[in-house]
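Please open the model in your viewer and keep the sequence panel beside it. We will go from stop to stop, selecting a few residues each time and looking at what surrounds them.

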Amino acid sequence: AQKYEGEYGKTECWYILDAQEDAEIIYGVNAKNQTELNDMIDQQQFDELFHKVKVKAGDFFYVPAGTVHAIGEGILILETQQSSDTTYRIYDYERTDTNGNQRELHLEQSKAVINLAATSPNTTPKQEVVQGQTYTQFVSNDFFTVERWMIDGMLNYEKPSAYCLISIVEGTGNVETNDEVYKLEKGTHFILTTEDHDIAFNGDMTMIISYV
(Lines give C-alpha, C1' and ligand atoms only; values in the text may rest on other atoms or scores of the structure.)
Protein backbone atom coordinates (compact mmCIF):
# COMPACT_ATOMS: atom_id res chain seq x y z
CA ALA A 1 0.00 0.00 0.00
CA GLN A 2 2.88 2.36 0.76
CA LYS A 3 4.43 1.56 -2.62
CA TYR A 4 1.25 1.97 -4.67
CA GLU A 5 -0.70 4.57 -2.72
CA GLY A 6 1.67 6.16 -0.23
CA GLU A 7 -0.81 5.11 2.45
CA TYR A 8 -1.18 2.41 5.06
CA GLY A 9 -3.14 -0.77 4.50
CA LYS A 10 -6.43 -1.38 6.28
CA THR A 11 -6.54 -3.74 9.22
CA GLU A 12 -10.07 -4.41 10.46
CA CYS A 13 -12.21 -6.88 12.38
CA TRP A 14 -15.77 -8.18 12.28
CA TYR A 15 -18.19 -9.13 15.04
CA ILE A 16 -21.05 -11.14 13.54
CA LEU A 17 -24.33 -9.65 14.78
CA ASP A 18 -26.65 -11.86 12.76
CA ALA A 19 -26.35 -14.49 10.05
CA GLN A 20 -28.72 -16.67 8.08
CA GLU A 21 -28.25 -20.43 8.31
CA ASP A 22 -25.20 -21.56 6.30
CA ALA A 23 -24.14 -17.94 5.67
CA GLU A 24 -20.45 -17.59 4.92
CA ILE A 25 -17.71 -15.06 4.49
CA ILE A 26 -14.65 -15.08 2.26
CA TYR A 27 -11.54 -15.10 4.42
CA GLY A 28 -8.15 -15.70 2.85
CA VAL A 29 -7.25 -17.69 -0.25
CA ASN A 30 -6.63 -21.32 -1.16
CA ALA A 31 -3.54 -20.57 -3.26
CA LYS A 32 -0.44 -22.29 -1.87
CA ASN A 33 2.19 -19.95 -3.32
CA GLN A 34 2.62 -16.71 -5.25
CA THR A 35 2.70 -18.40 -8.66
CA GLU A 36 -0.55 -20.23 -8.00
CA LEU A 37 -2.14 -17.03 -6.70
CA ASN A 38 -1.14 -15.07 -9.80
CA ASP A 39 -2.39 -17.81 -12.14
CA MET A 40 -5.76 -18.15 -10.40
CA ILE A 41 -6.31 -14.39 -10.54
CA ASP A 42 -5.24 -14.15 -14.18
CA GLN A 43 -7.53 -17.05 -15.13
CA GLN A 44 -10.36 -15.65 -12.98
CA GLN A 45 -10.66 -18.88 -10.99
CA PHE A 46 -12.19 -16.99 -8.10
CA ASP A 47 -14.51 -19.70 -6.84
CA GLU A 48 -11.50 -21.96 -6.33
CA LEU A 49 -9.30 -19.14 -5.07
CA PHE A 50 -11.45 -17.77 -2.26
CA HIS A 51 -11.44 -19.54 1.10
CA LYS A 52 -14.97 -19.55 2.54
CA VAL A 53 -15.94 -19.84 6.21
CA LYS A 54 -19.43 -20.44 7.64
CA VAL A 55 -20.41 -17.95 10.34
CA LYS A 56 -22.98 -17.48 13.09
CA ALA A 57 -24.00 -14.69 15.44
CA GLY A 58 -21.33 -14.00 18.06
CA ASP A 59 -18.37 -15.05 15.90
CA PHE A 60 -15.39 -12.70 15.69
CA PHE A 61 -12.88 -12.37 12.84
CA TYR A 62 -9.68 -10.37 12.87
CA VAL A 63 -8.82 -9.21 9.33
CA PRO A 64 -5.23 -7.91 9.09
CA ALA A 65 -4.23 -5.80 6.11
CA GLY A 66 -3.42 -8.10 3.18
CA THR A 67 -6.22 -10.59 3.93
CA VAL A 68 -8.67 -11.26 1.10
CA HIS A 69 -12.13 -10.82 2.61
CA ALA A 70 -15.78 -10.31 1.71
CA ILE A 71 -19.10 -10.49 3.54
CA GLY A 72 -21.57 -13.00 2.12
CA GLU A 73 -25.32 -12.79 1.77
CA GLY A 74 -27.51 -12.69 4.88
CA ILE A 75 -24.86 -11.43 7.29
CA LEU A 76 -24.91 -8.35 9.53
CA ILE A 77 -21.59 -7.30 11.06
CA LEU A 78 -20.16 -4.68 13.36
CA GLU A 79 -16.84 -3.58 11.87
CA THR A 80 -13.95 -1.85 13.60
CA GLN A 81 -11.10 -0.77 11.36
CA GLN A 82 -7.84 1.10 11.11
CA SER A 83 -8.24 4.59 9.69
CA SER A 84 -7.45 4.02 6.01
CA ASP A 85 -9.07 4.61 2.63
CA THR A 86 -7.07 1.93 0.82
CA THR A 87 -9.02 -1.00 -0.66
CA TYR A 88 -7.87 -3.30 -3.47
CA ARG A 89 -10.62 -5.15 -5.33
CA ILE A 90 -9.88 -8.36 -7.25
CA TYR A 91 -13.47 -9.39 -7.99
CA ASP A 92 -16.80 -7.58 -7.86
CA TYR A 93 -19.37 -10.22 -8.88
CA GLU A 94 -19.61 -8.52 -12.29
CA ARG A 95 -21.91 -5.88 -10.80
CA THR A 96 -22.61 -2.72 -12.78
CA ASP A 97 -23.87 0.76 -11.97
CA THR A 98 -26.86 2.47 -13.58
CA ASN A 99 -24.70 3.25 -16.63
CA GLY A 100 -23.59 -0.35 -17.05
CA ASN A 101 -20.06 0.31 -15.79
CA GLN A 102 -18.22 -2.07 -13.49
CA ARG A 103 -16.14 -0.84 -10.57
CA GLU A 104 -12.37 -0.62 -10.97
CA LEU A 105 -10.33 -3.72 -10.15
CA HIS A 106 -6.80 -3.68 -8.72
CA LEU A 107 -5.32 -6.99 -9.84
CA GLU A 108 -1.60 -6.18 -9.86
CA GLN A 109 -1.77 -4.38 -6.52
CA SER A 110 -3.69 -7.29 -5.05
CA LYS A 111 -1.11 -9.82 -6.19
CA ALA A 112 1.56 -7.75 -4.45
CA VAL A 113 -0.14 -7.35 -1.07
CA ILE A 114 -2.21 -10.52 -0.50
CA ASN A 115 -1.06 -12.46 2.55
CA LEU A 116 -1.10 -16.14 1.60
CA ALA A 117 -0.74 -17.21 5.23
CA ALA A 118 -4.00 -15.60 6.42
CA THR A 119 -6.13 -18.21 8.19
CA SER A 120 -9.02 -18.20 10.63
CA PRO A 121 -9.27 -18.17 13.57
CA ASN A 122 -6.22 -16.01 14.11
CA THR A 123 -6.86 -14.56 17.54
CA THR A 124 -7.20 -16.06 21.01
CA PRO A 125 -9.90 -14.20 22.95
CA LYS A 126 -9.14 -13.48 26.60
CA GLN A 127 -12.12 -13.96 28.89
CA GLU A 128 -12.55 -13.17 32.56
CA VAL A 129 -15.20 -12.16 35.08
CA VAL A 130 -15.00 -8.55 36.28
CA GLN A 131 -17.38 -7.27 38.98
CA GLY A 132 -19.55 -10.30 38.24
CA GLN A 133 -19.77 -9.44 34.51
CA THR A 134 -18.35 -11.51 31.65
CA TYR A 135 -15.59 -9.67 29.80
CA THR A 136 -13.92 -10.83 26.57
CA GLN A 137 -11.05 -9.09 24.80
CA PHE A 138 -11.14 -10.22 21.17
CA VAL A 139 -8.12 -8.36 19.83
CA SER A 140 -5.67 -5.64 20.83
CA ASN A 141 -3.05 -4.20 18.50
CA ASP A 142 -1.47 -0.92 17.38
CA PHE A 143 -4.70 0.18 15.68
CA PHE A 144 -7.55 -0.79 18.02
CA THR A 145 -8.73 -2.92 20.91
CA VAL A 146 -12.14 -4.61 20.69
CA GLU A 147 -13.87 -6.14 23.68
CA ARG A 148 -17.29 -7.48 24.66
CA TRP A 149 -19.06 -6.95 27.94
CA MET A 150 -22.05 -9.15 28.82
CA ILE A 151 -23.80 -7.14 31.52
CA ASP A 152 -26.24 -8.63 34.02
CA GLY A 153 -26.58 -6.03 36.73
CA MET A 154 -24.17 -3.20 37.51
CA LEU A 155 -20.70 -2.44 36.14
CA ASN A 156 -18.59 0.51 37.29
CA TYR A 157 -16.55 1.12 34.14
CA GLU A 158 -13.12 2.72 34.02
CA LYS A 159 -12.25 3.92 30.53
CA PRO A 160 -9.05 2.29 29.28
CA SER A 161 -8.51 5.11 26.78
CA ALA A 162 -9.32 8.81 26.40
CA TYR A 163 -12.44 7.91 24.43
CA CYS A 164 -14.32 4.68 23.73
CA LEU A 165 -16.86 3.67 21.09
CA ILE A 166 -19.80 1.70 22.47
CA SER A 167 -22.36 -0.42 20.58
CA ILE A 168 -25.24 -2.19 22.30
CA VAL A 169 -25.73 -5.44 20.38
CA GLU A 170 -28.25 -7.17 22.66
CA GLY A 171 -30.64 -6.25 25.45
CA THR A 172 -31.49 -3.03 27.28
CA GLY A 173 -30.17 -0.95 30.16
CA ASN A 174 -28.71 2.43 30.92
CA VAL A 175 -25.44 4.26 31.40
CA GLU A 176 -24.86 6.89 34.07
CA THR A 177 -22.07 9.43 33.72
CA ASN A 178 -21.60 12.91 35.16
CA ASP A 179 -24.88 12.55 37.10
CA GLU A 180 -26.88 11.98 33.88
CA VAL A 181 -28.65 8.72 33.02
CA TYR A 182 -29.13 7.61 29.40
CA LYS A 183 -31.30 4.72 28.24
CA LEU A 184 -29.65 2.06 26.11
CA GLU A 185 -31.09 -0.61 23.83
CA LYS A 186 -30.00 -2.89 21.01
CA GLY A 187 -28.77 -0.68 18.16
CA THR A 188 -27.61 2.20 20.37
CA HIS A 189 -24.15 3.55 19.48
CA PHE A 190 -22.34 6.31 21.35
CA ILE A 191 -18.96 7.69 22.41
CA LEU A 192 -17.62 8.01 25.92
CA THR A 193 -15.55 11.16 25.63
CA THR A 194 -12.69 12.67 27.61
CA GLU A 195 -15.31 14.55 29.63
CA ASP A 196 -17.13 11.41 30.83
CA HIS A 197 -16.15 10.20 34.30
CA ASP A 198 -17.67 7.99 37.02
CA ILE A 199 -19.30 5.73 34.42
CA ALA A 200 -21.74 3.01 35.44
CA PHE A 201 -23.63 0.55 33.22
CA ASN A 202 -26.73 -1.19 34.50
CA GLY A 203 -29.09 -3.65 32.82
CA ASP A 204 -29.22 -6.91 30.91
CA MET A 205 -27.28 -6.25 27.72
CA THR A 206 -24.24 -7.05 25.59
CA MET A 207 -21.86 -4.27 24.56
CA ILE A 208 -19.00 -4.11 22.08
CA ILE A 209 -16.43 -1.51 23.12
CA SER A 210 -13.54 -0.37 20.95
CA TYR A 211 -10.76 2.15 21.47
CA VAL A 212 -7.30 3.11 20.31
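Before the first selection, one term is needed: a residue is called buried when its relative accessible area is under 20%, exposed when this value is over 50%, and partly exposed in between. Please also keep in mind throughout the tour that this is a predicted model.

**The whole chain**

Show the protein chain as a cartoon, and you can look for four helices and 13 strands. The C-alpha atoms fill a box of roughly 60 × 40 × 40 Å, taken along the principal axes. Of the 212 residues in the chain, 41% are buried, and the accessible surface comes to about 12300 Å², of which 44% belongs to carbon and sulfur atoms. If you consider contacts between residues at least 6 apart in sequence, 68% of them join residues at least 24 apart.

**First stop: V212 and its patch**

Select V212, which you will find in the segment after β13, the strand that covers 199–211. Is V212 buried or exposed? Its relative accessible area is 61%, and because this is over 50%, V212 counts as exposed. Now add Y163, L165 and I191 to the selection, and you have a nonpolar patch on the surface, in which these residues and V212 have about 380 Å² of accessible area together.

**Second stop: D196**

Go next to the loop between β12 (189–192) and β13, where D196 lies. D196 is buried yet has no salt bridge, and the nearest side chain of opposite charge, that of K159, is 5.9 Å away. What does the side chain of D196 make a polar contact with? The partner is the side chain of N178, at 3.4 Å. If you leave out residues up to four places away in sequence, D196 touches K159, T177, N178 and I191; I191 also belongs to the surface patch of the first stop.

**Third stop: T136**

Select T136 in strand β8, which runs over residues 133–140. With a relative accessibility of 2%, T136 falls under the 20% limit and therefore counts as buried. Show the residues around T136 and, setting aside neighbours within four places in sequence, you will find contacts with P125, K126, Q127, V146, E147 and R148. The side chain of Q127 is also joined to that of T136 by a polar contact of 3.3 Å. For V146, which is ten residues from T136 along the chain, you can check the C-alpha separation, and it is 8.7 Å.

**Fourth stop: I25**

Move to strand β2 (residues 24–29) and select I25. The relative accessible area of I25 is 0%, so this residue is buried. Which residues are in contact with I25, leaving aside neighbours within four places in sequence? They are W14, H51, K52, V53, V55, F61, A70, I71, G72 and I75. You may also draw a distance from I25 to F50, 25 residues apart along the chain, whose C-alpha atoms are separated by 9.6 Å.

**Last stop: the charged pairs**

Side chains of opposite charge can pair when their charged atoms come close. How many salt bridges does a search of the whole structure find? The search finds eight, and several of them are worth selecting.

- Begin with K54 and D22, whose closest N and O atoms are 4.0 Å apart in a salt bridge. This pair links distant parts of the chain, since K54 is in strand β3 (residues 50–54) and D22 is in the loop between β1 (12–19) and β2, 32 residues apart. Both K54 and D22 are exposed.
- Continue with D59 and K56, which form a salt bridge with closest N and O atoms 3.1 Å apart. D59 is buried at a relative accessible area of 16%, whereas K56 is exposed at 53%.
- Then select D92 and R103, whose salt bridge has its closest N and O atoms 3.0 Å apart. Both residues lie in the loop between β6 (75–81) and α4 (107–113), eleven residues apart. D92 counts as buried at 8% relative accessibility, while R103 counts as partly exposed at 47%.
- Finish with D42, E108 and K111, which are linked in a network of salt bridges.

Conventions: Residues are numbered from 1 along each chain as its sequence is written. This is a predicted model: local features need pLDDT of at least 70, side-chain atom pairs count only at pLDDT 80 or more; totals for chains, interfaces and linings use all residues. Side-chain values use heavy atoms; hydrogens and water are left out. Patches are made of residues with over 30% relative accessible area and no salt bridge: like charges are joined within 9 Å, nonpolar side chains (Val, Leu, Ile, Met, Phe, Trp, Tyr) within 5 Å. Accessible areas come from the Shrake-Rupley method with a 1.4 Å probe; for residues, only the protein chains shown count as cover. Helices (H or I, at least four residues) and strands (E, at least two) are DSSP runs, numbered from the N terminus. Buried means under 20% relative accessible area, exposed over 50%, partly exposed in between (1.4 Å probe, protein chains only). Lys and Arg count as positive and Asp and Glu as negative; His and the chain ends are not counted. A polar contact is a pair of N or O atoms within 3.5 Å; within protein, one must be able to donate a hydrogen and the other to accept it, and residues adjacent in sequence count only if both atoms are side-chain atoms. Contact means heavy atoms within 4.5 Å.
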